[in-house]
Amino acid sequence: MARKKAGGRVTEKLPKILEGENDPILRHRTFEVKEFGKDISDLISVMFKKLKHSKGVGLAANQIGRSESVFVYHWGKDRGYFINPRIEKLSVGEIVEMEGCLSLPHLGDQLVSRPNRVTISGLTKYGSSTTVRAEGMLARIFIHEMEHLEGGLYIDQL
Ligand SMILES: [Zn+2]
C-alpha cells in the first residue's frame, strides 16, 4: 500500500517559457488557427494558467513553444484572449513606458515607445469574431503580444 504524502497535491505540469532573443520558435511567425475544438480550448486554458503562474500580463503561444496564432492577457479587470488576432487600428500618438517580457528576463524592463491606442479583432474558441479597443497599458500588452505572434520581440523596437 502506498503511503500518502503529507499535503501531497498533484500539481499540473505547465509548459516552460522559451527565452532568448535568438530562439528559433520565438523568432518564427505563428500560424492561423483553422480548427476550433478541444485542442485550441486546452491551449488557451494552459496559457492562462501559465500566465498566472508567471505573474505576467500577456502571453503568446510561441512563448510556450506552440505555433498557433493565439495570445492571452490579464491586466487588472481585463482578462481575455484572441485567436488569429489582427490589428484593425493604431493611434498615431505614441507613449514611452517601461515594458518587460517573460521571454527576455535577463533584460528586465526597458523604455519602449508604443501607440497609445489599438483596436484588435480576432476569433473566440468557438470561431466567432471579437473586437476589443484598448488604450494605455492594455494597448501596450496587445501590441507586445501581436509582435510575438509575428516572430518579433520588444527589443526590435529599441
Ligand atoms: Zn513578451
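Let me begin with a turn: in the hairpin of β2 and β3, 2 residues lie between the strands, and G76 takes a positive phi near 60°. Please bear in mind that this is a predicted model.

The two strands of that hairpin are β2, residues 70-75, and β3, residues 78-90. They pair in the antiparallel sense, over 6 bridges. As a landmark within this pairing, Y73 stands opposite G80 in β3.

From β3 we can move on to strand β6, residues 117-123, which runs antiparallel to β3 and is joined to it by 5 bridges. Here the bridge partner of I87 is I120 in β6. Strand β6 in turn pairs with β7 in the antiparallel sense, this time over 7 bridges. In that pairing T119 stands opposite R133 in β7.

We can now assemble the sheet. In what order do the 5 strands of the open sheet stand? The order is β1-β2-β3-β6-β7, and the pairing is antiparallel. At the edges are β1 and β7, the latter covering residues 129-135, and each of these pairs on one side only. From one strand to the next, the twist averages 40°.

Next, the helices. Helix α1 lies across β1, β2 and β3, and runs at about 40° to β2. Helix α2 packs on the sheet as well, where it touches β1, β2, β3, β6 and β7. The direction of α2 makes about 160° with that of β2.

Let me step back to the chain as a whole. It has 2 helices and 7 strands, and along the sequence these follow the pattern α-β-β-β-β-β-β-β-α. The radius of gyration is 17 Å, close to the 15 Å that the globule rule gives for 158 residues, so the protein chain is as compact as a globular protein of that length. Taken along the principal axes, the C-alpha atoms fill a box of roughly 65 × 40 × 35 Å. Among contacts between residues at least 6 apart in sequence, 64% join residues at least 24 apart.

I turn now to the interior. Buried residues make up 32% of the 158 residues in the chain. In soluble globular proteins, nonpolar side chains tend to be buried together. Which residues of the largest nonpolar core touch the most other members? They are M47, V70, F71, V72 and F142, out of 34 residues in that core. At least two residues each come from α1 (38-53), β1 (58-60), β2, β3, β6 and α2 (137-149). The element that gives the most is α2, with 7 residues. One of the core residues just named, F142, is in contact with V118, I120 and A134, leaving aside its neighbours within four places in sequence. I120 has already appeared in this talk, as the bridge partner of I87.

Finally, consider L14, which lies in the segment before α1. Is L14 buried or partly exposed? L14 counts as partly exposed, because it has 15 C-beta neighbours inside 10 Å, whereas a buried residue needs 20 or more. Not counting residues up to four places away in sequence, L14 touches V46, K49, K50 and H53. M47 is 33 residues from L14 along the chain, and their C-alpha atoms are separated by 8.8 Å. M47 is also among the core residues that touch the most other members.

That concludes the presentation.

Terms used. Residues are numbered from 1 along each chain as its sequence is written. This is a predicted model: local features need pLDDT of at least 70, side-chain atom pairs count only at pLDDT 80 or more; totals for chains, interfaces and linings use all residues. Two strands pair if DSSP finds at least two bridges between them. Helices (H or I, at least four residues) and strands (E, at least two) are DSSP runs, numbered from the N terminus. The radius of gyration is taken over C-alpha atoms; the globule rule is 2.2 Å times the number of residues to the power 0.38. A residue is buried if 20 or more other C-beta atoms lie within 10 Å of its own, exposed if 12 or fewer, and partly exposed in between; C-beta atoms are placed from the backbone. Two residues are in contact if their C-beta atoms, placed from the backbone, lie within 7 Å. A nonpolar core is a set of buried Ala, Val, Leu, Ile, Met, Phe, Trp, Tyr and Cys residues joined through C-beta atoms within 7 Å. Axes are lines fitted to C-alpha atoms, for helices over the stretch in contact, and angles run from 0 to 180 degrees between N-to-C directions.
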